[in-house]
Amino acid sequence: MTDRYAVFGNPIAHSLSPKIHAFFAKDTGEELSYEPILVPEGRFKETAREFFCDGKGCNVTVPCKLDAYDFADILTPYAEAAGAVNTLKKLENGRIEGDNTDGRGLTADLKRLGVKLDGAKILVMGAGGAARGIIRPLLDESVALVTVVNRTFEKAKKLAEHFGVQACSYEDLSANYNVIINATSTSLNGTLPPLADEILSKASFAYDLMYKPNGETTFTKKALEKGCTKVADGFGMLIMQAALSFELWRGVKPDVTKAISYFRAC
Ligand code: NDP
(Lines give C-alpha, C1' and ligand atoms only; values in the text may rest on other atoms or scores of the structure.)
Protein backbone atom coordinates (compact mmCIF):
# COMPACT_ATOMS: atom_id res chain seq x y z
CA MET A 1 0.00 0.00 0.00
CA THR A 2 1.24 3.53 -0.84
CA ASP A 3 2.35 5.45 2.25
CA ARG A 4 -0.20 8.10 3.12
CA TYR A 5 0.56 11.70 4.20
CA ALA A 6 -1.63 14.79 4.55
CA VAL A 7 -1.94 18.41 5.61
CA PHE A 8 -4.54 19.33 8.23
CA GLY A 9 -6.11 22.78 8.58
CA ASN A 10 -9.20 24.91 8.17
CA PRO A 11 -9.40 26.33 5.54
CA ILE A 12 -7.10 23.98 3.63
CA ALA A 13 -8.05 24.15 -0.07
CA HIS A 14 -5.54 27.01 -0.64
CA SER A 15 -2.58 25.09 0.84
CA LEU A 16 0.45 24.62 -1.43
CA SER A 17 1.69 21.68 0.65
CA PRO A 18 0.10 18.91 -1.50
CA LYS A 19 1.83 20.34 -4.60
CA ILE A 20 5.15 20.80 -2.82
CA HIS A 21 5.18 17.25 -1.42
CA ALA A 22 4.06 15.79 -4.76
CA PHE A 23 7.05 17.60 -6.33
CA PHE A 24 9.45 16.26 -3.66
CA ALA A 25 8.07 12.71 -4.05
CA LYS A 26 8.44 12.72 -7.82
CA ASP A 27 11.88 14.31 -7.71
CA THR A 28 13.25 11.87 -5.11
CA GLY A 29 11.45 8.78 -6.50
CA GLU A 30 9.57 8.23 -3.22
CA GLU A 31 6.19 6.56 -3.61
CA LEU A 32 3.57 8.26 -1.43
CA SER A 33 0.23 10.03 -1.42
CA TYR A 34 -0.37 13.47 0.17
CA GLU A 35 -3.82 14.96 0.58
CA PRO A 36 -5.43 18.07 2.13
CA ILE A 37 -7.73 17.30 5.09
CA LEU A 38 -10.23 19.87 6.30
CA VAL A 39 -10.51 19.72 10.09
CA PRO A 40 -14.04 20.56 11.30
CA GLU A 41 -13.99 23.13 14.12
CA GLY A 42 -13.02 21.52 17.44
CA ARG A 43 -12.49 18.07 15.83
CA PHE A 44 -8.71 17.87 15.42
CA LYS A 45 -8.24 14.88 17.73
CA GLU A 46 -10.92 12.75 16.08
CA THR A 47 -9.75 13.67 12.57
CA ALA A 48 -6.11 12.92 13.39
CA ARG A 49 -6.95 9.63 15.15
CA GLU A 50 -8.84 8.41 12.11
CA PHE A 51 -6.03 9.49 9.76
CA PHE A 52 -3.35 7.71 11.78
CA CYS A 53 -5.16 4.33 11.48
CA ASP A 54 -3.17 4.00 8.25
CA GLY A 55 -1.49 7.43 7.80
CA LYS A 56 2.29 7.79 8.26
CA GLY A 57 2.55 11.52 8.89
CA CYS A 58 1.00 14.91 8.38
CA ASN A 59 1.63 18.62 8.33
CA VAL A 60 -0.56 20.84 10.43
CA THR A 61 -1.44 24.43 9.65
CA VAL A 62 -3.67 27.22 10.98
CA PRO A 63 -5.65 26.90 13.28
CA CYS A 64 -4.59 23.41 14.43
CA LYS A 65 -0.92 23.77 15.51
CA LEU A 66 -1.75 23.91 19.22
CA ASP A 67 -4.17 20.95 18.91
CA ALA A 68 -1.38 18.98 17.22
CA TYR A 69 0.96 19.89 20.10
CA ASP A 70 -1.57 18.41 22.55
CA PHE A 71 -2.18 15.37 20.33
CA ALA A 72 1.48 14.29 20.03
CA ASP A 73 2.71 11.55 22.40
CA ILE A 74 6.25 12.91 22.28
CA LEU A 75 7.68 16.25 21.20
CA THR A 76 10.99 17.27 19.65
CA PRO A 77 12.86 20.12 21.43
CA TYR A 78 11.81 22.44 18.55
CA ALA A 79 8.13 21.66 19.11
CA GLU A 80 8.59 22.12 22.87
CA ALA A 81 10.23 25.52 22.35
CA ALA A 82 7.68 26.66 19.78
CA GLY A 83 4.75 25.45 21.89
CA ALA A 84 3.18 24.31 18.60
CA VAL A 85 3.47 21.42 16.14
CA ASN A 86 3.45 21.64 12.34
CA THR A 87 4.57 18.05 11.64
CA LEU A 88 3.34 14.74 13.07
CA LYS A 89 4.96 11.39 12.40
CA LYS A 90 3.83 7.89 13.36
CA LEU A 91 6.81 6.06 14.85
CA GLU A 92 7.56 2.31 14.49
CA ASN A 93 6.07 1.70 17.95
CA GLY A 94 2.81 3.43 16.96
CA ARG A 95 3.42 6.56 19.06
CA ILE A 96 2.99 9.96 17.44
CA GLU A 97 5.93 12.36 17.40
CA GLY A 98 5.33 16.12 17.09
CA ASP A 99 7.94 18.41 15.54
CA ASN A 100 8.03 22.02 14.45
CA THR A 101 10.03 22.65 11.27
CA ASP A 102 8.97 26.30 10.72
CA GLY A 103 11.88 27.93 12.55
CA ARG A 104 14.53 25.62 11.08
CA GLY A 105 12.90 26.32 7.71
CA LEU A 106 13.62 30.01 8.28
CA THR A 107 17.26 29.54 9.33
CA ALA A 108 17.86 27.15 6.41
CA ASP A 109 16.43 29.76 4.05
CA LEU A 110 18.53 32.55 5.56
CA LYS A 111 21.63 30.42 5.00
CA ARG A 112 20.57 29.65 1.43
CA LEU A 113 20.31 33.40 0.88
CA GLY A 114 23.83 33.92 2.22
CA VAL A 115 22.78 35.81 5.38
CA LYS A 116 25.50 35.69 8.04
CA LEU A 117 23.86 34.63 11.31
CA ASP A 118 26.95 34.00 13.41
CA GLY A 119 27.37 37.18 15.48
CA ALA A 120 24.36 38.90 13.87
CA LYS A 121 22.07 41.27 15.73
CA ILE A 122 18.52 40.21 14.89
CA LEU A 123 15.25 42.04 15.33
CA VAL A 124 12.10 39.90 15.35
CA MET A 125 8.90 41.89 14.84
CA GLY A 126 5.78 40.16 16.18
CA ALA A 127 5.08 37.91 19.13
CA GLY A 128 2.52 35.47 17.71
CA GLY A 129 2.85 31.80 16.80
CA ALA A 130 5.36 32.34 13.99
CA ALA A 131 7.67 34.49 16.13
CA ARG A 132 7.61 31.90 18.89
CA GLY A 133 8.63 29.16 16.44
CA ILE A 134 11.67 30.95 15.05
CA ILE A 135 13.49 32.18 18.16
CA ARG A 136 15.08 28.93 19.30
CA PRO A 137 16.43 28.01 15.83
CA LEU A 138 17.86 31.56 15.54
CA LEU A 139 19.58 31.20 18.93
CA ASP A 140 21.04 27.86 17.75
CA GLU A 141 22.95 29.82 15.07
CA SER A 142 25.20 31.72 17.53
CA VAL A 143 23.59 35.07 16.80
CA ALA A 144 24.87 37.95 18.97
CA LEU A 145 21.45 39.32 19.89
CA VAL A 146 17.75 38.71 19.40
CA THR A 147 15.28 41.46 20.25
CA VAL A 148 11.53 40.89 20.09
CA VAL A 149 9.38 43.93 19.35
CA ASN A 150 5.60 43.82 19.29
CA ARG A 151 2.63 46.17 19.05
CA THR A 152 1.34 44.69 22.32
CA PHE A 153 4.48 45.05 24.42
CA GLU A 154 3.33 42.63 27.14
CA LYS A 155 3.32 39.78 24.58
CA ALA A 156 6.86 40.65 23.44
CA LYS A 157 7.98 40.68 27.08
CA LYS A 158 6.45 37.28 27.82
CA LEU A 159 7.98 35.70 24.72
CA ALA A 160 11.39 37.26 25.34
CA GLU A 161 11.41 36.05 28.94
CA HIS A 162 10.58 32.53 27.78
CA PHE A 163 13.66 32.43 25.53
CA GLY A 164 15.96 34.65 27.63
CA VAL A 165 16.20 37.36 24.94
CA GLN A 166 15.43 41.11 24.91
CA ALA A 167 11.99 42.70 24.48
CA CYS A 168 11.41 46.23 23.30
CA SER A 169 8.61 48.53 22.18
CA TYR A 170 8.68 50.05 18.67
CA GLU A 171 9.16 53.52 20.24
CA ASP A 172 12.27 52.52 22.21
CA LEU A 173 14.12 50.57 19.50
CA SER A 174 17.57 51.73 18.41
CA ALA A 175 18.92 51.34 14.85
CA ASN A 176 21.34 48.63 15.68
CA TYR A 177 20.27 45.50 13.78
CA ASN A 178 21.86 43.57 10.90
CA VAL A 179 18.83 41.40 10.17
CA ILE A 180 15.17 42.38 10.54
CA ILE A 181 12.54 39.66 10.44
CA ASN A 182 8.89 40.54 9.97
CA ALA A 183 6.93 37.87 11.83
CA THR A 184 3.82 40.04 12.10
CA SER A 185 0.74 39.41 9.98
CA THR A 186 0.78 42.98 8.58
CA SER A 187 1.78 42.08 5.00
CA LEU A 188 -1.30 39.85 4.76
CA ASN A 189 -3.41 43.00 4.49
CA GLY A 190 -0.86 45.27 2.90
CA THR A 191 -0.01 47.27 6.04
CA LEU A 192 3.28 47.72 7.90
CA PRO A 193 4.47 47.43 11.48
CA PRO A 194 5.34 50.85 13.00
CA LEU A 195 9.12 50.47 12.57
CA ALA A 196 11.24 53.63 12.26
CA ASP A 197 12.72 54.09 8.76
CA GLU A 198 16.21 54.59 10.19
CA ILE A 199 16.23 51.02 11.55
CA LEU A 200 15.50 49.67 8.07
CA SER A 201 18.14 51.87 6.42
CA LYS A 202 20.85 50.63 8.75
CA ALA A 203 20.02 46.91 8.39
CA SER A 204 21.77 44.78 5.78
CA PHE A 205 18.94 42.27 5.38
CA ALA A 206 15.15 42.25 5.82
CA TYR A 207 12.99 39.11 5.66
CA ASP A 208 9.20 38.86 5.61
CA LEU A 209 7.71 35.53 6.70
CA MET A 210 4.73 36.31 4.51
CA TYR A 211 5.22 35.41 0.83
CA LYS A 212 3.84 36.62 -2.49
CA PRO A 213 3.97 35.02 -5.96
CA ASN A 214 6.29 37.81 -7.22
CA GLY A 215 8.40 37.71 -4.03
CA GLU A 216 7.54 41.30 -3.08
CA THR A 217 5.58 42.11 0.09
CA THR A 218 4.64 45.49 1.54
CA PHE A 219 7.51 45.10 4.00
CA THR A 220 10.25 44.00 1.57
CA LYS A 221 9.26 46.86 -0.76
CA LYS A 222 9.52 49.42 2.04
CA ALA A 223 12.84 47.97 3.28
CA LEU A 224 14.38 48.37 -0.20
CA GLU A 225 13.02 51.89 -0.54
CA LYS A 226 14.61 52.85 2.77
CA GLY A 227 18.04 51.56 1.75
CA CYS A 228 18.16 48.06 3.24
CA THR A 229 20.49 46.28 0.80
CA LYS A 230 18.93 42.82 0.56
CA VAL A 231 15.42 41.46 1.16
CA ALA A 232 13.42 38.24 0.77
CA ASP A 233 9.89 37.01 1.33
CA GLY A 234 9.02 33.77 3.17
CA PHE A 235 8.55 31.51 0.16
CA GLY A 236 11.91 29.83 0.70
CA MET A 237 10.94 29.20 4.33
CA LEU A 238 7.72 27.52 3.20
CA ILE A 239 9.67 25.15 0.93
CA MET A 240 12.38 24.55 3.55
CA GLN A 241 9.93 23.68 6.35
CA ALA A 242 8.17 21.26 3.97
CA ALA A 243 11.53 19.71 3.02
CA LEU A 244 12.39 19.18 6.70
CA SER A 245 9.03 17.41 7.24
CA PHE A 246 9.62 15.25 4.16
CA GLU A 247 13.08 14.30 5.43
CA LEU A 248 11.69 13.48 8.88
CA TRP A 249 9.14 11.10 7.33
CA ARG A 250 11.16 9.58 4.49
CA GLY A 251 14.81 9.97 5.54
CA VAL A 252 15.52 11.60 2.15
CA LYS A 253 16.52 15.24 1.54
CA PRO A 254 14.60 16.90 -1.33
CA ASP A 255 16.34 19.34 -3.69
CA VAL A 256 15.03 22.61 -2.26
CA THR A 257 16.75 24.91 -4.76
CA LYS A 258 15.08 23.05 -7.61
CA ALA A 259 11.70 23.21 -5.83
CA ILE A 260 11.98 26.95 -5.15
CA SER A 261 12.82 27.67 -8.82
CA TYR A 262 10.03 25.39 -10.02
CA PHE A 263 7.28 26.92 -7.83
CA ARG A 264 8.44 30.51 -8.33
CA ALA A 265 8.04 30.00 -12.07
CA CYS A 266 4.47 28.62 -11.71
P1 NDP B 1 -0.39 35.65 14.77
O2 NDP B 1 -1.78 36.08 14.47
O3 NDP B 1 -0.12 34.60 15.78
O4 NDP B 1 0.48 36.95 15.21
C5 NDP B 1 0.37 38.15 14.49
C6 NDP B 1 1.42 39.15 15.01
O7 NDP B 1 1.37 40.32 14.16
C8 NDP B 1 1.17 39.63 16.44
O9 NDP B 1 2.39 39.79 17.10
C10 NDP B 1 0.49 41.01 16.20
O11 NDP B 1 0.69 41.93 17.24
C12 NDP B 1 1.22 41.47 14.97
N13 NDP B 1 0.46 42.50 14.25
C14 NDP B 1 -0.72 42.34 13.60
N15 NDP B 1 -1.11 43.52 13.05
C16 NDP B 1 -0.15 44.44 13.38
C17 NDP B 1 0.03 45.83 13.11
N18 NDP B 1 -0.86 46.52 12.40
N19 NDP B 1 1.14 46.43 13.57
C20 NDP B 1 2.06 45.74 14.28
N21 NDP B 1 1.95 44.42 14.58
C22 NDP B 1 0.85 43.78 14.13
O23 NDP B 1 0.22 35.25 13.33
P24 NDP B 1 1.40 34.20 13.05
O25 NDP B 1 2.49 34.46 14.02
O26 NDP B 1 0.84 32.84 12.95
O27 NDP B 1 1.85 34.59 11.56
C28 NDP B 1 2.59 35.78 11.26
C29 NDP B 1 3.00 35.80 9.79
O30 NDP B 1 3.92 34.74 9.50
C31 NDP B 1 1.83 35.60 8.80
O32 NDP B 1 2.02 36.53 7.73
C33 NDP B 1 2.02 34.18 8.27
O34 NDP B 1 1.52 34.05 6.96
C35 NDP B 1 3.54 34.07 8.30
N36 NDP B 1 4.05 32.68 8.36
C37 NDP B 1 4.84 32.24 7.31
C38 NDP B 1 5.37 30.96 7.32
C39 NDP B 1 6.22 30.51 6.16
O40 NDP B 1 6.48 29.30 6.03
N41 NDP B 1 6.70 31.40 5.33
C42 NDP B 1 5.11 30.02 8.43
C43 NDP B 1 4.29 30.59 9.50
C44 NDP B 1 3.78 31.87 9.44
P45 NDP B 1 -0.27 41.97 18.55
O46 NDP B 1 0.26 40.92 19.48
O47 NDP B 1 -0.11 43.34 19.07
O48 NDP B 1 -1.67 41.67 18.07
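**Salt bridges and exposure**

Colleague: What makes the pair aspartate 99 and arginine 104 a salt bridge?

Modeller: Their side chains come to 2.7 Å, N to O. A salt bridge requires a side-chain nitrogen of Lys or Arg within 4 Å of a carboxyl oxygen of Asp or Glu, so the pair qualifies. The model is predicted: local features need pLDDT of at least 70, side-chain atom pairs count only at pLDDT 80 or more, and totals for chains, interfaces and linings use all residues. Residues are numbered from 1 along each chain as its sequence is written, and side-chain values use heavy atoms, with hydrogens and water left out.

Colleague: Are aspartate 99 and arginine 104 buried or exposed?

Modeller: Both are buried, a term for under 20% relative accessible area, with exposed meaning over 50% and partly exposed in between (1.4 Å probe, protein chains only).

Colleague: Why is arginine 4 called partly exposed?

Modeller: Its relative accessibility is 21%, which lies between the two limits, so the term applies. Arginine 4 forms a salt bridge with aspartate 54 at 2.9 Å, N to O. The pair links distant parts of the chain, 50 residues apart: arginine 4 lies in strand β1 (residues 3-9) and aspartate 54 in the loop between α2 (44-51) and β3 (57-60). Helices (H or I, at least four residues) and strands (E, at least two) are DSSP runs, numbered from the N terminus.

Colleague: Why is aspartate 54 called partly exposed?

Modeller: Aspartate 54 has 34% relative accessibility, and therefore falls in the intermediate class.

Colleague: How many salt bridges does a search of the whole structure find?

Modeller: The search finds 18.
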